[in-house]
Amino acid sequence: MSTPAAPAAAPPPLDVRGVTVRFAGLLALDDVSFTVAPGTVHAVIGPNGAGKSTCFNVLSGLYRPSAGTVRLGAAELTRLAPHRIAALGVARTFQNIVTTQGTVADNLMLGRHALSHAGFAASALRLPRALREQRAHLAKAREIAELIGLGAHFDSPVALLSYGDRKRVELARALCLEPRVLLLDEPVAGMNAAERTRMTGVIEEIRAELGLSVVLVEHDMGLVMRLADEVTVLDFGRAIAHGTPDEVRRDPEVLRAYLGTAGAGEDAA
Amino acid sequence: MSDPRTLLLKRGPLLLVALLLCALPFYLDAFWLRIGLFSMAAAIGAVGLGLLSGTAGQLSLGHAFFLAVGAYGYVWLAGEPGPGLPPAVALVLAVLLAGAAGGLFSPVAGRVKGIYLGVATLALVFLGHHVLLTADSVTGGFNGRSVPPLELGGFTFAESDPELTVLGVPFGAEERLWYLGLVLFAVTWFTARGLLRGRPGRALVALRDSETAASVMGVHVARYRSAAFVVSSMYAGLAGALLALSFRRVVPDYFSLALSVDYLAMIVIGGLGSVAGATAGAVFVTALPLLMTRYADQLPLVATPGSGGGSIGPTEASRYLYGAAIVLILLFAPDGLHGLARRTRARLSRRPSVTGPHGSGPSPAPERAGSDAASDTPARAKEHTP
């Protein structure tokens, strides 16, 4: 029941055109454009304060840009409220973990919200339809938890989990939405080496199995170089370079943005 | 999971309590039954407020207003002057009316958040009180109105008509209303728990914990906030109607700001975000003043009603006591009576599983989760050292 096989079909391209965001005189994003090709991993990198998170907030509908458009296939995301964007299959994680109270299961079931229908009346009266729906989605959520390696913690309160596990709860919750586009905001920030390797493996696996597009903001250049098909570099709100990881790594403009002379690529290699 | 024995173990205590509650009218006199009735009505209202303030994180000081809408709605719809509808219909309509009143407020309730909503709803109480005092033709003004008894298929929830004696116990108004209260409370318990465990409950919890996370996960923020407000108002309306039936007279002064604060006290004392907690808090806050009044002469420092001596009266004394109870609970059990009960239960069920052969017994998921987390720590520490 209600498992729209969205991930199987190729996701539509995500097209960002001339997006500008102004915060009372501060130009957070200045005419930024890039396109996320279907089924690829597109990294957005840049120094702190370059506008990466602002860009994500525009993509997920939390900020409305003062100019420019974001399109997912035919739908224009810039006109939509966050919950409508979620319903179109755009899911995201947050840089600082944002989970809700309760167990891992509760959090993952929140991810199923947009895919389920039981309203106040149906849930209050515990109509068979609502109970059946809940059971089906719970099974699906468990499946996803197992895919991410959270199976053993499914019924544990999120508050008791380690930092790395909570990061993974966020990823699993986003996946529960059965997204066509997945926005990952610093998925390995604050993790130790072992957790990083594991998370990188998980992201690679997701992408291979589900065929969704991934937009990735990350400071860990090793991860970016390993996962990304394409990279957009932001600096002071402007997109200063586009290209494959190798091209970007050699771009003089990028080298200048990162510490003036020291290169981003060498930094990680 | 669903084999009959575990089901009985899970449902057993609930069934036992239900049986006990059904048996009580045969043993208790009208005074105790009245306390029970008020407690049940308060519990229904508290569950509604708990849904809004505990689960969705929206403060409301306007609960008294919606209780008044339910109470006066029933009286007017069933009474004279008024359309004089059959009382059962009037009861249902009164609940819907309270919901509609909540819906009218939803442009505010959907947009205003947390404590700010508390301030906005404050206005409702004053507005409501003013209307109750001035709209004489509907509300009876300062003196209020008497409440027409509920009738259901020829059966009247009052002293007589029909005269009724069950197992040698004469069934007066209190006994009859007791069962009505039980049924209405059971409905509340069933629906509220269904809501909380279902999709809407999770969405409301998410709204409380992080509006941003809720919205990017697909929750329509304004709609869910309004819906929580409407549902909470409907429970308040039901509670108001039941209160009216138990009091047999409604007066405006009852529905004051203090009543709203009482309901907030109930859900804080009981423990935010749980139906059982709201119920426990409601019983505590409702029963305490009544019991203190009754047994005032046996308490030190408390004057008997009407004696007017230098010491404090029973009503004030009970206020002090429940003020003290709130402070104690906030200090020692910030998650309220419900949290206290849960932790006690966890401690009791952990002990046998450590010591004895009972271990494989009835210690289900939550217990396991706790020990899981504890035993996981060393394993994770290993992971931290690369």
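**A walk through a predicted two-chain model**

Let me begin with one pair of side chains, A:Arg71 and A:Glu76, which form a salt bridge in which the closest N and O atoms are 3.6 Å apart. Before I go further, please keep in mind that what we are looking at is a predicted model, and that the values I quote today are computed from it.

Staying with that pair for a moment, the two partners differ in how much of their surface is accessible, for A:Arg71 is partly exposed, with a relative accessible area of 33%, whereas A:Glu76 is buried at 18%. The cut-off that separates these two words is 20%, and a residue under that value counts as buried. As a general point, side chains of opposite charge can pair when their charged atoms come close.

Over all chains, the rule we used counts 19 salt bridges, and I would like to show you two further examples from chain A. One of them joins A:Lys140 to A:Glu143, with a distance of 3.4 Å from N to O. Where do A:Lys140 and A:Glu143 sit relative to one another? Both belong to helix α5 of chain A, and because they are three residues apart there, about one helical turn separates them. A:Glu143 itself counts as partly exposed, at 48% relative accessibility.

The other example pairs A:Asp220 with A:Arg196, and here the N to O distance is 2.3 Å. A:Asp220 lies in the loop between β8 (213-217) and α8 (221-227), while A:Arg196 belongs to helix α7, so this salt bridge ties together parts of chain A that are 24 residues apart in sequence. In terms of accessibility, A:Asp220 counts as buried at 19%, and A:Arg196 is partly exposed at 28%. Returning to the residues I opened with, salt bridges that share partners join A:Arg71, A:Glu76 and A:Arg79 into one network.

Now let us turn to the place where the two chains meet. The contact draws 43 residues from chain A and 37 residues from chain B, and together the chains bury about 3,400 Å² between them, of which 63% is on carbon and sulfur atoms. On the side of chain A, the residues that lose the most area to chain B are A:His113, A:Phe120 and A:Arg126, and together they account for 23% of what that side buries.

How many salt bridges does the rule find across the interface of chain A and chain B? It finds zero, although it is worth adding that ten residue pairs, both members at pLDDT 80 or more, are in polar contact across that interface. Several elements of chain A each supply at least two residues to the side that touches chain B, and among them are α2 (82-87), β6 (90-92), α5 (128-148) and α7 (193-210). The element that gives the most is α3(A), with four residues. If we sort that side of chain A by class, we arrive at 19 nonpolar, 15 polar and nine charged residues.

Next, I would like to point out some details of the backbone. In chain A there are two glutamates to look at, and A:Glu178, although it is not a glycine, has a positive phi of about 50°. A:Glu178 is placed in the loop between α6 and β7 (181-185) of chain A. A:Glu186 also has a positive phi, near 50°, and is likewise a residue other than glycine, and you will find A:Glu186 in the loop between β7 and α7 of chain A. Are these glutamates buried or exposed? A:Glu178 counts as buried at 9% relative accessibility, and A:Glu186 counts as buried at 7%.

In chain B, the detail to look for is the peptide bond from B:Glu80 to B:Pro81, which is cis, with omega near 5°. B:Pro81 has its place in the loop between α3 (63-78) and α4 (87-104) of chain B.

Finally, let me end on a single residue of chain B, B:Ser146, which lies in strand β1, residues 145-146, and is partly exposed, with a relative accessible area of 45%. Which residues does B:Ser146 touch, if we leave out those up to four places away in sequence? They are B:Val75, B:Arg248 and B:Arg249. The C-alpha atoms of B:Ser146 and B:Trp76 are separated by 10.0 Å, and these two residues are 70 residues apart along the chain.

Conventions: Residues are numbered from 1 along each chain as its sequence is written. Chains are lettered from A and ligands numbered from 1 in the order in which they are written. Side-chain values use heavy atoms; hydrogens and water are left out. Contact means heavy atoms within 4.5 Å. Buried area is the accessible area (1.4 Å probe) that two parts lose on being put together, summed over both. A salt bridge is a side-chain nitrogen of Lys or Arg within 4 Å of a carboxyl oxygen of Asp or Glu. A polar contact is a pair of N or O atoms within 3.5 Å; within protein, one must be able to donate a hydrogen and the other to accept it, and residues adjacent in sequence count only if both atoms are side-chain atoms. Ala, Val, Leu, Ile, Met, Phe, Trp, Tyr, Cys and Pro count as nonpolar, Asp, Glu, Lys and Arg as charged, and the others, Gly among them, as polar. Buried means under 20% relative accessible area, exposed over 50%, partly exposed in between (1.4 Å probe, protein chains only).
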